[in-house]
Amino acid sequence: MPSSDRPMIRLEGLRKVFFTDEMETHALSGIHLEIDSGDYVSISGPSGCGKSTLLAILGLLDSPTEGDYWLNGHPVAELSPIERARIRNREVGFIFQSFNLIGDLTVFENVELPLIYRGLPREERKRNAREALDRVDLSHRATNRPAQLSGGQQQRVAVARALAGRPSILLADEPTGNLDSVNGEAVMELLDDLHKEGATICIVTHDARYARHADRVINLFDGQVVEEIPKAAAAAN
Amino acid sequence: MDNFLQDLRYGARALIKNPGFASVAVIALALGIGANTAIFSVVNAVLLRPLPYQNPDQLVMVWETSLARGLERNPASPVNYADWREQKQIFDHIAGWWYPQINLTDDYGEPERVRTIDVTDEFFSVFGVQPLLGRTFLQGEDRRDAEPVVVLSYNLWQRRFGGDASIVGKAIRLDGTPYSVIGIMPAGFSFPEDIEVWRPLGWDPTQHSRNARFFDVVARLKPDVTIERAQAEMTALARRFEKEYPQSNTDWGVTLVGLHDQIVGRVRPALLVLLGAVGFVLLIACANVANLLLVRAGAREKEVAIRMALGAGRFRLIRQFLTESVLLAMLGGALGLALAFLGGRLLMAINPIDIPRADEAGIDLRILGFTLAVSLLTGLIFGIVPALQFSRPDLNSTLKEGGRESRAGSSGRRIRSALVVSEIALALMLLVGAGLLLKSFFRLQGVNPGLNPANVLTLNLQLPFSNYSDWRQVSNFYAQLTDRIEALPGVTSADVTGFLPLESGWRLRFAIPDRPPTPPGEELVAQYHQVSPGYFRTLGIRLLAGRELTDHETADSPGVVIINEAMARRYFPDEDPVGKRLTSSVRSIGPLARYLPATIEYEIVGIAGNVKNDGLGRAVEEAIYFSHRQFPYRSMSLVIRTNASPLSLLGAVRDEIWAMDKALPVSDVKTMEELLADSMAESRFSTLLLGLFAALALVLASVGIYGVLSYSVAQRKHEIGIRMALGAGQGDILKMVVGQGLVLVAIGLVTGAAAAFGVTRLIRTLLYEVSATDTETFVIVSLLLGAVATLASYIPARRATKVDPMVALRCE
Ligand SMILES: Nc1ncnc2c1ncn2[C@@H]1O[C@H](COP(=O)(O)OP(=O)(O)OP(=O)(O)O)[C@@H](O)[C@H]1O
Ligand SMILES: [Mg+2]
C-alpha cells in the first residue's frame, strides 16, 4: 500500500554479517537509505562491497542481521515466511545477472510463472504474460526454450517476467553483466521506459554508463553508503 | 586378469570412499537376495531335490477315480489292488496299506499312540530302501497266519528305545499283542508321512468287498515303462473291470500320480507364487540400486569425460562400472545368504504348517550356487543401465551442456523416473496379491463352522481290540467315561464322536428303501459320524427338525439317525425327511466291518444344522449321524464343553480316563478353537509370507521414490531458489515436488494395476471367495501405496521448502 507521505523503502542501521568457518564477513555495516515511489536508484561500488547483499535484503530474499527495514511503512522483520513470499511475488520484480530462466519451461511459461504463484485466473494470467512479452518484443519466441535464445533475448525475457506481475519495485542485480554493450543498452532502455511509466527501480551496476540512467547513484564501500550523487551531478561527472 | 584386478581395486576403493551409498545399496540387495535365497532353499528342498528313494521317478501312487462321484484320488479297493498286483508288465513292485490306529504299550514308557500302517509284503521293495538294522518284510509275511513282526522308524527307535540296537529281535506290544521287532529304518524314511511303525497287513486283500475303498497303493514302474504307458494300460484294465464287476466298478477308473507330484503338488502353487514374489522384491531392490548408481554416475561425469578424452575405450569403462556393481551385488549376496539362513531358521521355528519335505531345507551347494548366480545377475541388471548411460561417447554435448543440465540430469532423470515407475508397479502387484490373500483369509475366518468352538476340549482315544473285542464293551466304555467326565467340576457336558468337525470323515453307501434302487455307479454316499446323544448340544450344533438321539437307543432297539441339512436338501428336497428310512451296509467300510452288523434299516429322527466337515473353505458334504451305541467305533474323539479354560481340565479328564483303563494313551489333545485355527494355517502362512514380501516391496519402493525426489531436489536447488525469489510460497514448492512424485506414483499405479490384473490369475487357486480381480482390493491397495509414496515424497519436498532463495543470486 504505497503512500506519498512515507518513503516506499526505509532502511535504518542495517547490518549484515556472514558467519563462515570461524570468520565473520561484515557485508553491510550500517546502511541508512530511503527510496521513494518512482525513484530510479543505481547502486555502485567495488566488488565485494555488499551491493548484492543489499539488493537481496531489499527483495526479501535475505534478512538483515541487525537494523530495521520498513517497506511501505511496515516493519519487514515482523513478516511471516508466507507474507514474505507474497510480497516477493506481488511487490517485487527481480532481474538477475545470470537471467535465471528455468530451462524446462518455455519463454511464455517463464513469464507466466510469478502470476501462477499469485493465483491469477488463467485468462488474466495469459493476457498479462502476453503483454509483458510484447513489451520486450519477444512475442514471436513465446514457445521457445530459454536455451534457444541469445543472452540479450534471455535477459529481456527475464525483464518481461519481472514486470508481468506489475510490481511496485523492480530490483536488478547487474542485469547487463552478461551482455554485450548493444544488448546491455537495449535492456537499460527498457528500464528507462518503465521508469517513465512510473516504476520504482533499483539497479546494481558498476558500469558508469548505465548508472547514468538513474536519478540517484549510491556508492557503497565496505558495506557502507559513502556517497550519493543526484542525477544531475552524475550526468555532469 | 590384470585389468580385472585393477577394476576390482578401483571398485573397492570407490565403495569405501562412499560408505553411505555402499551400505544402503548392500542392505537393499541383501534383503532382495536374502528373500530369494530363503524361498529358493524351500523350493529346492520341496520341489527340486529328488525323493530319497531309489530311482524315485519310477514311483507312482495308484488311485481309483470316479469323476461322476467327484472323487479324483480315492483309495483303492484291496480286491482291485490284488488284481493290479498281477500286472507284472507294468509294475516291478506294488504295495498297499491302510491306517489302523494302534496303541503302543511296553516296558519302556507311558502307553502312547504311534503312527502305524499295515502294509503288504512288497512295501519296502517298492522304495528300494535298506533298513538301518535287521531286515524288512519277507514275501508272504503279510498273511493272516504269519508271525507277528514290525519294523520301526529311526525316530521311534531313538525316542522310545534310546537307539538301543538290541531292540531288534525283542518284542513290543501293540494294542496288547506282542510283535517282534525285525528291523529299524534309516533316519528320514517315514513313508507315507511320519510313520513310526510298519506292520504286515495280516489279512487277505481278496477277502473284501470290491466296494470298500480304503487301501492306499504305491508302486514302482518297470524301468522301461513310462507313467503315460502305465496309465493307458491301467485305464484299459479299469474299463475291463467295469464290465466284469458292474456292481462295484461302474464309473471307477484308475489314476497314476508320480510320487513326487503327489507329495508336493499341493504346495507347489503357493511356493511358486512366493518365488515370483521374491523375484519382484529383488527387481525392486535392483531398480533402487541402479538409481543410486545413476546418481553417483552423475557426480562422476566429469571424471569419466576426462578419462574418455584421455582415450579410455567405451568397453573398458562399461567393464569398470560393471565390476563395481557386481562387487556390490556380491556383498549384498553374502549378507543376503546370512539373512536367508536366519530367516529360514525363524520360519522353521514358527513351524507354521507342514510343508512336506521342508524340514530337509538348508544351505547346500545348490543354494550357494543359486545365490551366487542371482547376485551376479543382479549386479549385471542394475549395473548395465548406468554403465551404458554413462559411457555414451557424446563428449561434445557433455561440454556444451555444462555442469548443470548435464546428461545425468536430463536423460538420466528420465531413466530414474522410469525405474521408480516400475518399482511402484511391481510393489503394487505384490500388494494386490497380498491383499487378495488377506481378504481370502478374513473370508475364511468369517466362515461359520456351524458350531460354537469356544471352551471345548477335544482328545482322541483308541480302545485296543485285545481288551475290547466286544463292541458293546466299546460303547459302554465311552458312555461311562462321558458320564464320569461330566461329573467333573468345570465340565458342562462331555460327548464322543467318530470324526471331529473339519476332519473329513469316512463315507458309506446308503439307500432309501422307499425309492427305486439306484443303478451301479450312482450309489448314494454320505459321510458318517458316530456320536453320543448330547453331541449336538455340547458343540452347539443346531437341531433344525425332529429330535435328538437318546440314551435309550441301543444295539437292540430299532436304528435311528440324524442327517445334516445338506443331506436333507439333496435327498429330500420336497418332503420332510423326519420319519423316512435309510438302509446302509456297513460292511462296505473296511476291515472294521467284520465287527459290525450287516445291512440295517435306520429311521431319520432329526435334522442337524450343517457343520463344516471338509474344511472351512469347502462346501459341506452330506452326513449321517449314527448313535455310537448302534454303530460303535474303537477310535473316538471326546468333545468336552467346559466353563473354564479347556486345557486346564486336561489333567482331571486324563485321570478319569486312566481310572477306567491305565493303559490307554490320550492323543491329539486340542481345543476346538485350535482345530479351527489349524485348518486355516496354510492360508495364514501364505498370507503372512506374501504380506511380508509385499511390505518389503512397499518399503523399497518408498525408498526408491524418496531417493529420486531427494536427488531431484538437490539438483534443482537453484531452480527452486529462483521460484522462491519469484514469490513461490512453501506450499507452492511442496506441491511441486510432491506433485512430481505423485505423477510417477500414478503412472506406476496404473501400470501395476494393469499388470496385476493379468497376473493375479496365477494365485486364483489360493483364494477363497475372492475374485482375482477384486475391485475393492485393487482400490484399497492402490490408495495405501499412493499414501505411503506421497509420504515418501513429502520428506524431500519439505527439504525443498528449506532452500534459501539466495541461491538464485549466485551463479555457480
Ligand atoms: N552467503 C555468504 N556467506 C559468506 N559471505 C558472503 C556471503 N554472501 C556474500 N558474502 C560476502 O559478503 C561480502 C559482500 O558480498 P556481495 O555479494 O554483496 O558483494 P558485491 O558487492 O555484490 O560484489 P560483486 O560486485 O563482486 O558482485 C563479500 O565479502 C562476500 O564474500
Ligand atoms: Mg554482486
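**Group meeting: strand pairing and a ligand site**

I will start in chain B, where B:Thr583 stands opposite B:Glu601 in β21(B). Please keep in mind throughout that this is a predicted model. That pair belongs to the pairing of strand β20, residues 581-584 of chain B, with β21(B), which is antiparallel and runs over 4 bridges.

Strand β21, residues 600-608 of chain B, is also joined by 3 bridges to strand β18, residues 543-546 of chain B, and these two run antiparallel; here B:Leu543 stands opposite B:Ala608. With strand β19, residues 559-564 of chain B, the sense is parallel, and 6 bridges make the connection to β21(B), with B:Val560 standing opposite B:Glu603. As general background, strands of a sheet pair through backbone hydrogen bonds, either parallel or antiparallel.

Let me turn to chain A, in which 6 strands form an open sheet of mixed pairing, in the order β6-β7-β8-β3-β9-β10. Its edge strands are β6, residues 92-95, and β10, residues 224-230, each of which pairs on one side only, and the twist from one strand to the next averages 20°. Within this sheet, strand β3, residues 40-44 of chain A, runs parallel to strand β9, residues 216-221 of chain A, and 4 bridges join them; A:Ser42 stands opposite A:Val217 in that pairing. Helix α5, residues 151-164 of chain A, lies across β6 and β7 of chain A, and runs at about 170° to β6(A).

That brings me to ligand 1, and to the question of which residues lie closest to ligand 1. The shell has 13 residues, and the closest are A:Ser47, A:Gly48, A:Lys51, A:Ser52 and A:Thr53. Although those five belong to chain A, residues from chains A and B surround the ligand, so the site is shared between chains. By class, the shell has 3 nonpolar, 7 polar and 3 charged residues.

As for individual atom pairs, a polar side-chain atom of A:Ser47 lies 2.4 Å from an oxygen atom of ligand 1. For A:Gly48, a backbone N or O atom lies 2.7 Å from a ligand oxygen, and for A:Cys49 the corresponding backbone distance to an oxygen of ligand 1 is 3.2 Å. Taken alone, ligand 1 exposes 630 Å², of which the protein buries 66%. The elements that give two or more residues to this shell are β1 (9-20), β2 (23-35) and α1 (51-58) of chain A, and α1(A) gives the most, with 3 residues.

Terms used. Residues are numbered from 1 along each chain as its sequence is written. Chains are lettered from A and ligands numbered from 1 in the order in which they are written. This is a predicted model: local features need pLDDT of at least 70, side-chain atom pairs count only at pLDDT 80 or more; totals for chains, interfaces and linings use all residues. Side-chain values use heavy atoms; hydrogens and water are left out. A residue is near a molecule or strand if one of its heavy atoms lies within 4 Å of it. A polar contact is a pair of N or O atoms within 3.5 Å; within protein, one must be able to donate a hydrogen and the other to accept it, and residues adjacent in sequence count only if both atoms are side-chain atoms. Accessible areas come from the Shrake-Rupley method with a 1.4 Å probe; for residues, only the protein chains shown count as cover. Ala, Val, Leu, Ile, Met, Phe, Trp, Tyr, Cys and Pro count as nonpolar, Asp, Glu, Lys and Arg as charged, and the others, Gly among them, as polar. Two strands pair if DSSP finds at least two bridges between them. Axes are lines fitted to C-alpha atoms, for helices over the stretch in contact, and angles run from 0 to 180 degrees between N-to-C directions. Contact means heavy atoms within 4.5 Å.
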